[in-house]
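Work through the exercises below with the model open. Try each task before reading its solution.

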Amino acid sequence: MANGEAGVAGDATEPRRKIVILTSHAFLRGYRKASIHFVASRWAEQGHDVHFLTIGHSWLTLLKDRPRFRALSGSQANRFQTIGVNLRAGAYLPPLHAFSSNNRFLNAANAMLFRLYGSYLPRFARHVIAAADLVLIESGSALAFFDRIKRLNPKARTLYFCRDLLRSIRAAPVLQDIQAAAVSRFDAICVPSERLGALLPQGGRVRVIPQGVDAAVFDRDQPSPYQAGSRNAVSIGNMLFDQPSVAAMAAAAPDVNFHVFGAQWSGWALPNIAIYGERDFESIVPYLQHADFGIAPYRLTADEIYLAESSLKLAQYSYCGLPILLPDLVPFTRANGIAYRLDGETAWREKVDAALAMRRSPTFRDGIMTWDEVAQQTLAAAFETP
């Protein structure tokens, strides 16, 4: 496996590319943004023709997330909707779709179901894929469509936008098998972490491109959403969310308000814990800008340490100059990290007080890339000559 940093592209001679993105994420107002949304938007702003195709949803989504299904079916069901200049988003919504499960019997059936699911794409998707210069496949269910994409357009460059270790997100074993078979056939594989790249199957052209931040949004002055004189901690995202640790922090520091975005909370929450659910990115930014500290409450294993390097929230907290409470298993090297014991921590009050006492510093953001830079480097990696 060839690891390395991709060089910066995006100069005045960069040709306009036709790009199709396959991902389980939806491009919808009011829903959180992941790295794929930022890269897609920056490519469109840089003059490329971008089609953002959501897969991994169907009428079954009604049972799990009715609002998301209604939002997708209302504007993007089996068609593309214009999101902005050079950017359109659509969703493949069949009656049924294959999905990963913790049930071993269902996963046994998934070996057939995922391959059947990935063997077909509707006409609106086939049309843009056949004309694409680059097809990006994000880690997860989108891998099931790799062979179909290669048949539709064997000349297109293919990029594996790998953000997670499949076993960490509990992807079906068949997706892990498809990944292993496809790794060497991608023109490039972009990962945000060297550790993640090292954990992938051997044989791929891996390029390490760190996460970025939306500097324009974070640099914008916005009023504080917090009550004057209050002290506030913020947690964003739902990946490997460790509810017991957040609850323990809140119990130890009743004078601090804990604001939890994105993660689902099970059962009763203390009065100083506010649960917001999933929100659009722009509405969360003021909470980060004006917080006293951030929390990265990962419940992880040794195989998931790569999240420290690939964590979007750690980059965003640091860009805002926040101290960060995070598990001791995470090898975070910036000066704003305050580690707590992942198991058996008893000094929660001391950890919170250390975060409250730490002075915010713009130096915490040193070396963090913007999404413009990430998008340029990612495109350069996709078209790099072997």
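**Exercise 1. Surface**

What is the accessible surface of the chain, and what share of it belongs to carbon and sulfur atoms?

*Solution.* Keep in mind that this is a predicted model. Step one: take the total, which is about 16,700 Å². Step two: assign the surface by atom type. Carbon and sulfur atoms hold 51% of it.

**Exercise 2. Overall build**

Count the helices and strands, then judge how compact the chain is.

*Solution.* Step one: the count gives 15 helices and 16 strands. Step two: compare the radius of gyration with the globule rule. The chain has a radius of 21 Å, and the rule gives 21 Å for 386 residues. The two are close, so the chain is as compact as a globular protein of that length. Step three: add the outer dimensions. Along the principal axes, the C-alpha atoms fill a box of roughly 60 × 50 × 40 Å.

**Exercise 3. Burial and contacts**

Find the buried fraction of the chain, then the share of contacts that join residues at least 24 apart.

*Solution.* Step one: apply the cut-off for burial, under 20% relative accessible area. Of the 386 residues, 54% are buried. Step two: keep the contacts between residues at least 6 apart in sequence. Of these, 71% join residues at least 24 apart.

**Exercise 4. Two asparagines**

Locate Asn78 and Asn86, and give the sign of phi for each.

*Solution.* Start with Asn78. This residue sits in the loop between α3 (66-75) and β3 (80-84). Its phi is near 55 degrees, a positive value in a residue other than glycine. Now take Asn86, in the loop between β3 and β4 (87-91). Here phi is about 70 degrees, again positive, and Asn86 is not a glycine.

Are these side by side with the solvent or covered? Use the class between 20% and 50% relative accessible area, partly exposed. Asn78 has 34% relative accessibility, so it falls in that class. Asn86 has 23%, so it is partly exposed.

**Exercise 5. The second largest pocket**

Describe the second largest pocket by volume, lining and residue class.

*Solution.* Step one: the volume. About 460 Å³ of space lies in this pocket. Step two: the lining. There are 20 lining residues, and Pro210, Ala308, Glu309, Phe332 and Arg334 are the closest to the centre. Step three: the elements. Those that give two or more residues to the lining are α8 (194-199), α12 (307-310) and α13 (312-319). Step four: the classes. The lining holds 10 nonpolar, 5 polar and 5 charged residues.

Conventions: Residues are numbered from 1 along each chain as its sequence is written. This is a predicted model: local features need pLDDT of at least 70, side-chain atom pairs count only at pLDDT 80 or more; totals for chains, interfaces and linings use all residues. Side-chain values use heavy atoms; hydrogens and water are left out. On a 1 Å grid over the protein atoms alone, a cavity is a set of points where a 1.4 Å probe fits but cannot get out, and a pocket is an open set with protein on both sides within 12 Å along at least five of seven lines; lining residues have an atom within 4 Å of a point. Grid points are joined across faces, edges and corners, and a volume is the space filled by probe spheres set on the points. Helices (H or I, at least four residues) and strands (E, at least two) are DSSP runs, numbered from the N terminus. Ala, Val, Leu, Ile, Met, Phe, Trp, Tyr, Cys and Pro count as nonpolar, Asp, Glu, Lys and Arg as charged, and the others, Gly among them, as polar. The radius of gyration is taken over C-alpha atoms; the globule rule is 2.2 Å times the number of residues to the power 0.38. Buried means under 20% relative accessible area, exposed over 50%, partly exposed in between (1.4 Å probe, protein chains only). Contact means heavy atoms within 4.5 Å. Accessible areas come from the Shrake-Rupley method with a 1.4 Å probe; for residues, only the protein chains shown count as cover.
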